[in-house]
Structures are given as structure tokens and as C-alpha cells.
Amino acid sequence: MSAAGKSGAMLEEDPDQTYENVLAEIQSFELPIEATLRSVYDDQPNAHRKFMEKLDACIRNHDKEIEKMCNFHHQGFVDAITELLKVRSDAEKLKVQVTDTNRRFQDAGKEVIVQTEDIIRCRIQQRNITTVVEKLQLCLPVLEMYSKLKEQMSAKRYYSALKTMEQLENVYFPRVSQYRFCQLMIENLPKLREDIKEISMSDLKDFLESIRKHSDKIGETAMKQAQQQKIFSVILQKQKNVKFGKNMYTNDRIPEERNEIVLKHAFEEEDENEEEILTVQDLVDFSPVYRCLHIYSVLGDEETFENYYRKQRKKQARLVLQPQSNMHETVDGYRRYFTQIVGFFVVEDHILHVTQGLVTRAYTDELWNMALSKIIAVLRAHSGYGFTVNRLFDLLFEIRDQYNETLLKKWAGVFRDICEEDNYSPIPVVNEEEYKMVTSKFPFQDPDLEKQCFPKKLPMSQSVPHIYIQVKEFIYASLKFSESLHRSSTEIDDMLRKSTNLLLTRTLSSCLLNLIKKPHIGLTELVQIIINTTHLEQACKYLEDFITNITNISQETVHTTRLYGLSTFKDARHTAEGEIYTKLNQKIDEFVQLADYDWTMSEPDGRASGYLMDLINFLRSIFQVFTHLPGKVAQTACMSACQHLSTSLMQMLLDSELKQISMGAVQQFNLDVIQCELFASSEPVPGFQGDTLQLAFIDLRQLLDLFMVWDWSTYLADYGQPASKYLRVNPNTALTLLEKMKDTSKKNNIFAQFRKNDRDKQKLIETVVKQLRSLVNGMSQHT
């Protein structure tokens, strides 16, 4: 119901009560006032007047309540105003006192403020002084070190100056890097280093000029020292002879006195030589070289110094080796020429031994080879003046032979290391890049392998390309000496081929043979060695082409020496094949030794022996590895293994220590032989024709068939006939086995005399034994 409807209904019921309710609603503000007022005016004609009366009465009631409340609180308000008026005077007094106190404090604090400002200023100054002292303590060591650097530069102690620079840069400058003077010092250090380099290089140039001028004097001194050493050796030998002579001449003093005179004269000559001869260090001051080397090492530019020194010394070597135009006119000219050369190499030898890396053995060898070449050329050019050089050339050829021997010994160690580090398994390549990397080192071509997808394996192991590379390195090393002999291309080609043949036939062949004979080399490794030698043998033609390209001598020349690599690798391969056959037979023997037959069993087990099945499985796995070998090698190994197995089984039956064999044991043995025949017929190695491999067990098969079917009548009747069914059964073998079975039959049939069949069988065995013995005796008489 709406508010108006609700108010109208209330007016109809009780007008006075209704107005009260309307006034309550207006005071509560819960309903809209307009609706409530509209209901008052719309319902009755006098409702407005009555409502206004009620409203006035309500207002008067509220006014009375307000007045009562004000009357109640009026006295308290008056009391509060009175208290405030009293406090006002006290507040004014307090204000005056506070103002006066503040003035007096301000006046008293002015002097304190002045003194405080002075204290603050002093503290700031003290702090600044402390900071300055600390900074100066940091800077003073830097300045002292820099001053020390200047002193070292002035005193020409350049190496120490460089060390001081390193300390400044690494230790001192980082502490004061924020100051401008430090930046100036840092910027000045590179210039100081360059100055040191220039000064040290200038000293080195002076040193090089000095030793160039004194080369002949140095050489003469060295030659005198060598002569002095020779005299000293002779003196020592004479002393030994004198002591020995005392025992020889006990009754004669003349030889002893004569030796004493000789010794005295020799020692006097030695003393005179010691007074006259100066050492190389006395003639040459090497300190510029050491100093310059140390300086450039500290500067990290050692390589530049080494290159410069070697370049300048090579130039000086060429000057020393250049003979004077009139050298050949006098012996003194030759003496001066050779003393200069000796002096040059004495200096280089001294530098080689007292410095590390400035002069290497390879560098001095290069200079020496150059000197030999020049000396030979000079002697050849002047030999027309009466000086023969044939003995010198003979000496050089002897040195060449010794050089080759040294190379062969060195490469023997190289090949040995290569063989020891090889894993003897095919080289795996996972992508084209690896494949090309291997084929770039070793000439390998296989169209079928190239068609295969990656990853794949090359047939040879890692040692093959390494050996091939080292053979080429040997040829280079041999060529290096041969070129210095100034021989013709044909002679150099012959030298290279002969030395390479020695490398292949003696050094490499010996290394391969020793490797093959090592106990830890197994069948798999031997197979890989055979494969490796095959590829090395095929690569020999590329080595011949390599030598041809070096010497430009065609292989078609009549006197061209051929490489013997084919025979070398064939011999190694044959040795490896023999080792394979030997080790394979040894492995078969190891399995056969595991055999544990019950030779008195009455019935067979119905299956082959365990040892034999293990042996056959081993042979299958080994022959799978042999598929990588040349066909004849794999077939020979397979046939050899089967024959050895057949022989071992036959020897087991005929063993003299085996006294008795039952028929059950023979049947069990027959089951094992059947497995051997099945293995042979399964073609473990391809290439055999028909039942060739099964023929390895034909002796065993005919012998066992004879005993299994007990067909002695046929054997004895057809013996000696080419078409005999048991042609391969030797009477002696059959007799030996039958006697062992006869003994077993007697032992196992104690009551055989009570059974007719057993008595007949025993009589048959005895009859056959007699007939076999007659055959064996007849054969012996015929023999």
C-alpha cells in the first residue's frame, strides 16, 4: 500500500492518533515527506487546520525541552568562562617570563656559537690534514718508485727499470689512478719502454758488429783450445803409460826417466799455452745479448728479438762464408776463411747453451747445412789450384749414412709408439668432413664405401694413416740432408729410395713383426693387422709417386730403384696369418682340455657335450670377424681349425692313458663329431666347394661309423681297396680303440659266459683283434 493510502486509512480510524503518527513519520525521515503531507491535505477538509494545531503543539513541546536543557547547562558554561578569565592574567605573566628568558639565553649563547663555529672550523681543517696525509702516504711510494725508475734509466739498468715499471703498473698506479700526475706517469711508460727497446737493440747491433770483426780471432782461439785439449788427453795417456811402465821395468830406470822428461816438456808447453790462449768469454762480451733477450722477454716481444737476431746472424753467416777473391793463393787465406767460420759457430754454440730459445738446435743445424753447402762449393771452385776435396766428400757421404741410421732409430720409436697407441679397430667417420680428413692423409678409395650413408667405418685402423704420414716425414728428413750434398737429381732419387727401402724392410718390418709376436695381441688384433698391411701395401705406389714428384725422376728410368714395401708387408701379413693359425689352435686346445667324458658310460646323454658347443660358438664368432680378411686367408684359417679339432679329438680317443672305452662313450663321442660336421657343413667361411670342409672330419667319421655299425667284415674284406667304405681307417688306430673296448667288455660282463649273445660278441671281438694284429704286423714287415 502507498504512503498516501496508508495515511488516509489512519485518518479514517482515529484523527488524533493519525496526526501523531504523521508527526512521528516526519521526524523519523523514513518516508517521503511529500506523500505524508499530501495525505493530510487531501483526506478531510479540516485536516490541515487540525494538523497545524498538532504541529504547533509538538513544536512547543520541543522548545520546552530545549529550554530545560539550556537551563541545566547554563551554570557550567558560566563557571567555565569565569575560569578562563582567571587564566588569562596568568598566561600574560608566563608570556613575559618566557620572552625574558629567551632574550637572556640568546645573549648568553652568542659567545658559545662563536666558539662552536671555531671548533667546527678546526675539526674540518684537522680532517683535511689527515686526508692529505693519507693521500700523500699513498702517493709517496709511487713517486719514490718513479724516481727509482728514472735513476735506473740514467744508470742504464734497463732490465731493472722494466721490472720497476711492472710494479708501478700492477701495484702502485691502481692506488692513485684518480690523480692527474698518475695519468701523466702512465702515459709516459710506453715511451720509456720504446726507449729501452731502442737502446738495447742499439747495444745488440754493436755486439753483432763486434763479433763479426772478431770471428777469426774467436775461431783461432777455439781451435787452439781444441789442440790444447788434445795435448792434455795425450798427457793423461802418457801418465797412465808411465804407471804401467813401472810394473814392466822393475830393473831398468831408463824408460821411466825418459817418460818423466817427456811429461815435463808436455806440461811446460801446456803452461805456456794457458798463458797465451784466451777464452771466448774473454774476447766477447755477451752481456748485450743477455740484456736484450731479458728486456724483450719482459716486454712480451721475445719473438721479434729472436727473429731479428737470427736474421742478422744469417746475413753475417753468408758474409763469413763468402770467400775472398785471393783466398786460394795462400794457405793462410784458407786458414783465415775457416777460422772465421769456426768462430761464427763457436759464438752460436755458446748462445745455444746459455740462452733458452734464442738459438735452437734446428736453427744451428740449418746454418751448419748452409755452411757445408757453401764450403763444398768453395772447395770445388778452387780445387783446380791443387787442393783435393775427395776425402771431404767421402766424409760427407759417411755422415749421410750415419744420419740415415739415426733417422731409422728415431722412426723405429715413432712406429713403436703408433702401434702401441692403436686400438686395432676400423676408423669410424660420422660425417663427410671426417671422411675427407682421413682420406686427405691416406690415399684410400672404395666406391662401394663412398655410396654408404654416414656414419660408416673405414676398414683400416688409425695406425695406417699415421704410418703413411711418418714415412713421408722420413723421406722429407732424408731429403733435407741429401740436398745439401749437391748431387744430381738421379742420385738424390736413388738415395731417397734406398733409405725409404731401409725404413720399410728393416725398421717398419721389425716393428710389425715384434707387434705380431706380442702375447697380448689377440685374434681380432691380428685380423686388423692383416687388413692394415694390405692397405699399406697398396699405398706403396703413392709413396713412389711422392718421391718422383720431389726429384722429378720418372719411375720408368732404367736405373730407378723400386720400393720393397710389397715384400715387407707381405712378409708381415704371412707372419700374422701364421700367428692366427697358431693362436686359433691354442684356443681350440683350451676348449678341448675342458672335455670331461665318462668313458665307461652305458648310454649317451642324448646331446652334444657342453665344451664342444662352446667351442663351436666361439669359432662361429671368430669366423665372422674373418670375413674382412682376404678369402684364402679366412678359408685356410677355417680349414686349419677344423683339421686341428679333428686331430685333437682323434688323439683324445687314442690317448695311451685312456685304458677302457664303453660303447655308450663311443656313441656320446659320435654326437660331438656330428656337431662338428654340422658346423663344417654350415659354411662358416664362404668360398668352400661342396663338402671340402667336412672332409677334415672324414677320418673320425669312418672310424666311428665302423664301431657304430660294427661292420668289421666289410672293413676286413675291402681293406686296401681304393673304393673301400672305410678307406681312411688305419688298422693300428682301429686295433687300439677295439682293445680298449674289449677290456671294458670284459670288465662289464662278468657273467658273459652264462649268456650266449655276450659270449658270441666277445669271441667276435677277439677274432677281429687277431685279424687286425695280423694286418698291423703285415704292414710292419712290408715296411
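**Rings, burial and helices**

Q: What makes two rings an aromatic pair, and how many pairs does the count come to?
A: By the pairing rule, the count comes to 24 aromatic pairs. Rings of Phe, Tyr and Trp (its six-membered ring) pair if their centres lie within 6.5 Å. Planes under 30 degrees apart count as stacked, over 60 as edge-to-face and the rest as tilted.

Q: Why is the pair of F207 and F286 called tilted?
A: The ring centres are 5.7 Å apart, within 6.5 Å, so F207 and F286 pair. Their planes stand at 55 degrees, which is neither under 30 nor over 60, so the pair is tilted.

Q: What makes this a link between distant parts of the chain?
A: F207 lies in helix α6 (residues 180-213). F286 lies in the loop between α9 (280-283) and α10 (287-298). The two are 79 residues apart. Helices (H or I, at least four residues) and strands (E, at least two) are DSSP runs, numbered from the N terminus. F207 and F286 are both buried (under 20% relative accessible area; exposed is over 50%, partly exposed in between; 1.4 Å probe, protein chains only).

Q: Why is the pair of F344 and F345 called edge-to-face?
A: The centres of F344 and F345 are 5.2 Å apart and their planes meet at 85 degrees. That angle is over 60, so the pair is edge-to-face.

Q: How do you know whether F344 and F345 are buried or exposed?
A: F344 has 3% relative accessibility, under the 20% limit, so F344 is buried. F345 has 17%, also under 20%, so F345 is buried.

Q: What kind of model do these values come from?
A: This is a predicted model: local features need pLDDT of at least 70, side-chain atom pairs count only at pLDDT 80 or more, and totals for chains, interfaces and linings use all residues. Residues are numbered from 1 along each chain as its sequence is written, and side-chain values use heavy atoms, with hydrogens and water left out.

Q: What makes K456 a charge over a ring?
A: NZ of Lys or CZ of Arg must be within 6 Å of the ring centre and within 35 degrees of the ring normal. The charged end of K456 sits over the ring of Y435, 4.9 Å from its centre. K456 also lies over the face of F454, at 4.3 Å from the ring centre.

Q: Why is D349 called partly exposed?
A: D349 has a relative accessible area of 36%, which falls between 20% and 50%, so D349 is partly exposed. D349 sits in helix α12 (residues 331-354).

Q: How do you know that the span of α19 agrees with the expected one?
A: The expected span is 1.5 Å times one less than the number of residues. For the 16 residues of α19 (residues 523-538), that gives 22 Å. The end C-alpha atoms are 23 Å apart, which agrees.

Q: What makes α19 largely enclosed by the rest of the structure?
A: Twelve of its 16 residues are buried, so α19 is largely enclosed. Among them are L523, I530 and E537.

Q: Where does α4 bend?
A: The bend at a residue is the angle between axes fitted to the seven residues ending there and the seven starting there. In α4, that angle is about 35 degrees at H73. Helix α4 (residues 47-154) spans only 130 Å between its end C-alpha atoms, whereas a straight helix of 108 residues would span 160 Å.

Q: Where is the kink in α18 centred?
A: The kink, of about 35 degrees, is centred on S509. Helix α18 (residues 489-517) reaches 40 Å, close to the 42 Å expected.
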